[in-house]
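Colleague: I have some questions about this model. Could you take me through them one at a time?

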Amino acid sequence: MTALPALLLAALIAAQAPTSPPIFQPGAPGAAARIITPGEAVALSRSTFTAADVAFMQHMIVHHAQAVEMVELLETRGASPAVKLLGRRIALSQQAEMDLMRDWLTLRGQPLEMPGMSGHDHHAGHAMPAGETPVMPGMLSPKQMQTLAAASGPAFDRLFLQGMIQHHQGALDMVAGLMATPGAAEDTLLSDFTNSVVADQSTEILRMQSILSDL
Amino acid sequence: MNVRSTLLSTAAVLGVLMSASLASAQAPAAQVIPTDARSALSGGMFDAGQYASGMVLEHSVRPAPGFFEREALFSPPRNPAEGAALQERIRADPRFAPLALANSDMALSNGRLFVGNFNGFNAYDVTKGGAPELVMSVVCPGGQGDVSVVGNLLFMSVEANRARLDCGTAVAEGEVNAERFRGVRIFDISDLNAPRQIAAVQTCRGSHTHTLVPDPANPRSLYIYNSGTADVRKTAELAICTDGQPDQNPDTALFSIDVIKVDLDRPQDAAIVSRPRIFADANGRVAGLWRGGRAGIATQNTAQTNQCHDITVYPEIGLAAGACSGNGILLDISNPEHPVRVSDIFDPDMAYWHSATFSNAGDKVVFTDEWGGGIGARCRAEDPSTWGANMVAAIENRTLRGRAFHKLPSAQGADENCVAHNGMIVPVPGRDLMVQAWYQGGVSIMDFTDPAKPVEIAAFDRGPIEDGKLFVAGSWSAYWFNGRIYSSEIARGLDVLKLVPGDHLSAAEIAAAEAVRSDQINPQTQTRVVWADTPDVAQAYLDQLMRAPAADAALTAQVQAAIDEWRAGRPDSRGAAGIAAALTAAAEKETGAIAKGRLTALAGIFTRRAG
């Protein structure tokens, strides 16, 4: 055997094998990159989640559920078409976000409710005993929910908007609280989610303030 | 604008919109998202059902090695057994991150297509005519990885709190961490076998997107408009950053963009040179746009338009269009270091002003509304047709005026995330076309030549990743790069699409667009397209004129004969000068602005041909 057929064979094998360029992981500015394997590249993508992340999602599901309940009241008790339109939009986005949060928790093998939490159904204001203490930041207290459920017409619209503004501001506070927790919100999806919560709720707050001023 | 007039304008906008919806109630078809052949395509990871109209899928390149993991897709378990298996896996390895390998935005330079990814970026050689060929992979986690390229420099946006200066993943923990990096990275990519990070410009709110802005005074220098959308970093981590509302803290890092200056000969020295208050009002109130809040209302003052999501600059007209969360804005960028807002627009149907694209003439802007952030199904039949849509706005005397909404005209399933996303002009002369990504709504081309009547003329779509279950996937960006549409598919890799002639687009119109070439394309840095005088360009205008029922048959036949001779290389026996005169006369009589423009452009071609 001469070297030539072996080289040709090697070239042939190389041509047949799926080849791809090396994968680089750069260093800090000025430093050289190193070459890593595809498995290492995938491993680098993974980030952790913390107990604070899980608690945030569990709490936010409860929080969002109240907004959906408020819109259910709006359908029968509200007067202004502009408020109803906005309310439906809020309910759609809160429901979609609740689905996402439930999936996020399920995907990570986490319970949908915090230990000791009795389930969001029980937070339905009109089904709760009267009380002054809201369950989560910004959530309407049971008493506020009862007042809302008893109102109708333009008075309802006003209470609804004021309540939903307070409610949404609470969500922003919850995100701010999470961001202030060391190590929290590293998870890519959660980080994206909190950004979208801030964007959605801020926009909706402004829109509600605007409609409120025109009522 | 002060708060009072802002509220007044809100009331005005609401009034207009309500009367608009009353008017359109007489034509309910316009308000409903119709079901069509792409509404119920079969699902599959790499074998989903496909739909194409006006374009064909030429290549589909699967994710690069190291940039795909089935489990990294957003994939909730479907039954108890899967749930138990997943929980077991998570117990064994809690490091787990769906979306962490998502493909994102793109840029093109010297025949190489750069595709951003939440875990880094990939480069493809697209010069060979076949499928794009992977030539480099770089892993550097830290956010969605918006990329731009100038020569041998690649710029990348980093926003995630986990990101580190050294591209590592030993998560930057704690509130303050010297190793944390959030901002714009600069890589030297001159040697594909040795990419190197050469600079990392730290910013207060990280970098969600960024836009390159040429320096009119110096071709060896450029500016970057950085849009950070995250929370403000702690002062102890980055000294220039302080948080809070402007009435409490006038120096707050909210309510501005970062302007970074890069000396192309010393990119390692890139630094922030200004943080303009582009949302301020005439009285200098920093929170001059949608801040809101009134005495007696149970709320704090809420930051609203305190950030841009994306900015598109059009240096040749000296303007930038900012999609800035609560408003669309227009900036005068004649001094790029100090952009000045000249117009702003609000609309109650827009949830989140996300991105902007100018028409080639610079007389229109398409703003997109990323209602819900892109991870939800927002194109279902029951979703409003004006939410999560495009808003076509006209620019009149440097003032933005909303004209119409356009949403993907095909109801998509609850198992497909869908909302308006990134797009770019398709350079067909005589028309304003934009190709656009709609996540799992697919790729769609909108004709917005008439800003009041935008309409879809071509589309490509796939079914969901899996029937009945939403996995975040679909087209992140769809851009026209030198004759082909490149679509960055979040989960499935990279698609290349080719336009095909049909009722809505002729062979000549496609050929005229395909002839437009550029060595370097960063879609948020728009450049003016100027078409060469060719038979295809002339034919494109003629085809457009002939689509109108009232076209002058004698004139169009005369022009067609002249174009045929031109194409065949025969001498100008038909008399280009005479045709030019006839077209000019027709243009003078024409009352429709669009047809008038096409007649005038065609007359110009024949005038130059006549010499």
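Colleague: How many residues of strand β25 (residues 443-447) of chain B are buried?
Modeller: This is a predicted model, and the counts are computed from its coordinates. B:Val443, B:Ile445 and B:Asp447 point one way from β25(B), B:Ser444 and B:Met446 point the other way, and all are buried. The strand is thus mostly covered, and the count of buried residues is 5 of its 5.

Colleague: Which residue in β25(B) is the bridge partner of B:Leu433?
Modeller: Strand β24 (residues 433-437) of chain B pairs with β25(B) in the antiparallel sense, over 5 bridges. Within β25(B), the partner of B:Leu433 is B:Asp447.

Colleague: Which residue in the turn between β24(B) and β25(B) has a positive phi?
Modeller: The two strands form a hairpin, with 5 residues between them. In that turn, a positive phi of about 50° belongs to B:Tyr439.

Colleague: Which residue of β26(B) stands opposite B:Ser444?
Modeller: β25(B) is also joined to strand β26 (residues 455-462) of chain B, by 5 bridges, and the two run antiparallel. Opposite B:Ser444 in β26(B) stands B:Ala459.

Colleague: Why is strand β10 (residues 196-202) of chain B described as largely enclosed by the rest of the structure?
Modeller: A residue is buried if 20 or more other C-beta atoms lie within 10 Å of its own. β10(B) is largely enclosed because, of its 7 residues, the number buried is 5.

Colleague: Which residue of β10(B) stands opposite B:Ile186?
Modeller: Strand β9 (residues 183-188) of chain B is joined to β10(B) by 6 bridges, and the two run antiparallel. In β10(B), the residue opposite B:Ile186 is B:Ala199.

Colleague: Which are the edge strands of the open sheet β11-β12-β13-β14 in chain B?
Modeller: This sheet has 4 strands with antiparallel pairing. Neighbouring strands are turned by 35° against each other on average, direction ignored. An edge strand pairs on one side only, and here the edges are β11 (209-214) and β14 (271-274) of chain B.

Colleague: Which residue of β12(B) is opposite B:His210?
Modeller: β11(B) and strand β12 (residues 221-227) of chain B run antiparallel and are joined by 6 bridges. Opposite B:His210 in β12(B) is B:Asn226.

Colleague: How far apart do the C-alpha centres of domain 1 and domain 2 of chain B lie?
Modeller: The domain assignment gives domain 1 as 32-293 + 301-521 and domain 2 as 535-610. Their contact takes 12 residues from domain 1 of chain B and 10 residues from domain 2 of chain B. On the domain 1 side, the residues divide into 6 nonpolar, 3 polar and 3 charged. The C-alpha centres of the two domains of chain B lie apart by 39 Å.

Colleague: How many helices and strands does chain A have?
Modeller: From the N terminus on, the elements of chain A run α-β-β-α-α-α-α-α-α. The secondary structure of chain A therefore comes to 7 helices and 2 strands.

Colleague: In which helix of chain A is confidence lowest?
Modeller: Chain A averages a pLDDT of 78, and 81% of the residues score at least 70. Residues 1-17 of chain A stay under 50, and the model has 2 contacts beyond four places in sequence for them. Where pLDDT is low, the predicted coordinates should not be read in detail. The lowest confidence in chain A, a mean of 41, is in helix α1 (residues 3-16).

Technical notes: Residues are numbered from 1 along each chain as its sequence is written. Chains are lettered from A and ligands numbered from 1 in the order in which they are written. This is a predicted model: local features need pLDDT of at least 70, side-chain atom pairs count only at pLDDT 80 or more; totals for chains, interfaces and linings use all residues. Domain bounds come from an automatic or database domain assignment. Two residues are in contact if their C-beta atoms, placed from the backbone, lie within 7 Å. Ala, Val, Leu, Ile, Met, Phe, Trp, Tyr, Cys and Pro count as nonpolar, Asp, Glu, Lys and Arg as charged, and the others, Gly among them, as polar. pLDDT is the predictor's confidence in each residue, from 0 to 100. Two strands pair if DSSP finds at least two bridges between them. Axes are lines fitted to C-alpha atoms, for helices over the stretch in contact, and angles run from 0 to 180 degrees between N-to-C directions. A residue is buried if 20 or more other C-beta atoms lie within 10 Å of its own, exposed if 12 or fewer, and partly exposed in between; C-beta atoms are placed from the backbone.
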